[in-house]
Amino acid sequence: MDEKLRRRVLAMGDKINYQVKDLLGGWSIEVRKGIVPIGNIRKNPLNSNFQYFLGPNNQLNQAFEEVDLDILKQKIEANA
């Protein structure tokens, strides 16, 4: 790994980052701890609440659900 990239990775540390992803028919938010994907956020199609799915490939079992995206992010960060 080149030195510049190594420093950037170390600087990110354990910070939680959110990246919006466009999907066919909607969107999701990828949740990362540093550079490692740890889960994703999607909207519940039945009630429009925001759902957090733990794990980069999990699309079935939600860990948290909230009406407010900011409250959901606080829960994610408190439990990451």
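Three salt bridges turn up when the whole structure is searched. A salt bridge here is a side-chain nitrogen of Lys or Arg within 4 Å of a carboxyl oxygen of Asp or Glu. Some ground rules next. This is a predicted model, where local features need pLDDT of at least 70 and side-chain atom pairs count only at pLDDT 80 or more, while totals for chains, interfaces and linings use all residues. Residues are numbered from 1 along each chain as its sequence is written, and side-chain values use heavy atoms, with hydrogens and water left out.

Why do such pairs form? Side chains of opposite charge can pair when their charged atoms come close.

Let's start with E30. Which residues are linked with E30 in a network of salt bridges? They are K21 and R32. Take R32 and E30: their closest N and O atoms are 2.7 Å apart. Now K21 and E30: that salt bridge is 3.9 Å, N to O.

How accessible are these residues? Three words matter: buried is under 20% relative accessible area, exposed is over 50%, and partly exposed is in between (1.4 Å probe, protein chains only). E30 has 17% relative accessibility, so E30 counts as buried. K21 has a relative accessible area of 31%, so K21 is partly exposed. R32 is partly exposed too, because its relative accessibility is 23%.

On to K75 and E66. They form a salt bridge, with the closest N and O atoms 2.5 Å apart. Is E66 buried or exposed? E66 counts as buried, because its relative accessibility is 18%. K75 sits at 31%, so K75 counts as partly exposed.
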